[in-house]
Amino acid sequence: MATRRKQSATVMAWLTVIITLTLCTVAAWGGNRLGRAQAATAVTQQDSRVVYLTFDDGPDGNYTREVAADLAAAGAHATFFETGINMRGQCPLIRRLLADGNQLGTHSWDHPLFPKLTAGQTAAEISSARLEQVSCTGHNSLLFRYPYDKPTAAGSEYLGSQQMLAIGSGIDPSDWNWQHVPDGEVTRRVLAQLRPGMIVQLHDGNAAAGRDHGHPGYLPGLLRALKAHGYAMDVLPSQGSPSSGHE
Ligand SMILES: [Zn+2]
């Protein structure tokens with residue numbers, strides 16, 4: 001029953017979501033069919049300056065640890081959209097993210113281009129990553145981000161059937177492209193588009209993990225800059241449900 005109450009609170013929270021440019025169906029959510037909509041890239045009706053940092057493609061055994069340490073040092077929290085293939089063997093690290101007050105979501109099993117997948121492959125990509133995360137943590141997240149921000153009708157259909165929600169990129173400073181986007185530029189790009197409720201898409205795995213010799217060099221500076229502008233860094237207003245994975 002606690003889970004149901006939590007999901008009801010989640011429904012109310014996400015009714016405040018601004019919907020922008022990507023094509024994705026956020027279908028059944030808490031039993032209410034919302035119909036064809038788009039991936040959320042910000043949360044509205046903020047009564048205070050809050051920004052939602054998100055990290056994709058991890059976890060990476062070294063880099064994610066550094067990200068977690070920087071967040072903890074700054075009193076910040078973030079949401080991690082993890083791939084199934086990178087979760088394997090990293091359960092202690094993922095559990096640490098949760099224990100620190102961060103939030104988990106999934107990002108497919110192995111990061112394919114969803115427009116190239118069949119409906120069956122789409123469902124397998126989403127469900128296998130979610131199951132890996134549940135088996136690792138007991139945490140059943142309803143949040144999903146498409147690889148390459150490429151939503152599909154089949155993906156939307158499946159996410160809707162599972163009462164899952166697609167999260168868009170919001171502010172995308174291309175931190176993964178570290179060979180061409182220096183640390184200061186990451187911060188500058190975020191600040192240029194910053195407003196309360198924005199989601200910021202960052203990365204902690206694959207290409208990004210090579211950045212600054214395995215350290216998220218831009219992150220301490222970005223966190224300082226956000227604080228200096230009066231912002232708190234929090235998790236998205238949807239937690240999924242701690243459970244045994246029966247849902
Ligand atoms: Zn990705």
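What share of the contacts in the protein with a separation of 6 or more comes from residues 24 or more positions apart? Here are a few notes on that and on the surroundings of helix 8.

1. To start with the opening question: residues 24 or more positions apart supply 77% of the contacts with a separation of 6 or more. Please keep in mind that this is a predicted model.

2. A quick overview may help you find your way around. The protein has eight helices and 13 strands, and of its 247 residues, 45% are buried.

3. Helix 8, which covers residues 219–228, is a nice place to look. Its buried residues are Leu219, Leu222, Leu223 and Leu226. Viewed down the axis of helix 8, these buried residues fall within an arc of 95°, so they line one face of the helix. Turned away from this buried side is a face that carries the exposed residues Arg224 and Ala228.

4. What do the buried residues of helix 8 pack against? Their partners are two strands and two helices by name: strand 5 (50–56) and strand 12 (232–233), along with helix 2 (63–74) and helix 7 (183–193).

5. The pairing with helix 2 deserves its own paragraph. The axes of helix 2 and helix 8 come within 10 Å and cross at roughly 25°. An angle under 35 degrees counts as roughly parallel, and the two helices are therefore roughly parallel to each other. The crossing in which helix 2 passes helix 8 is right-handed. On the helix 2 side the contact is made by Val67, Asp70 and Ala74, and on the helix 8 side by Leu219, Pro220 and Leu223. Sorted by class, this contact has five nonpolar residues, one charged residue and no polar ones. Two of the names are familiar from point 3: Leu219 and Leu223 are among the buried residues of helix 8.

6. Do have a look at what follows each of these two helices. Just after helix 8, Gly230 adopts a positive phi of about 85°. Gly75, for its part, sits in the loop between helix 2 and strand 6 (79–82). Is Gly75 buried or exposed? Gly75 has 11 C-beta neighbours inside 10 Å, so it counts as exposed.

7. One last pair to check on your screen is Gly75 and Ala232. In sequence Gly75 and Ala232 are 157 residues apart, while their C-alpha atoms are 8.7 Å apart in space. Strand 12, with residues 232–233, is also one of the elements that the buried residues of helix 8 pack against.

Notes
Residues numbered from 1 in each chain as written. Predicted model: local features only at pLDDT ≥ 70, side-chain atom pairs only at ≥ 80, totals over all residues. Buried ≥ 20, exposed ≤ 12 C-beta atoms within 10 Å, placed from the backbone. Helix = DSSP H or I, 4+ residues; strand = E, 2+ residues; numbered from the N terminus. Arc of directions from axis to C-beta. Contact = placed C-beta atoms within 7 Å. Axes fitted to C-alpha atoms, helices over the stretch in contact; angles between N-to-C directions. Parallel < 35°, antiparallel > 145°, perpendicular 65-115°, else oblique. Left-handed = near helix turned anticlockwise from the far one by under 90°. Nonpolar A, V, L, I, M, F, W, Y, C, P; charged D, E, K, R; others polar.
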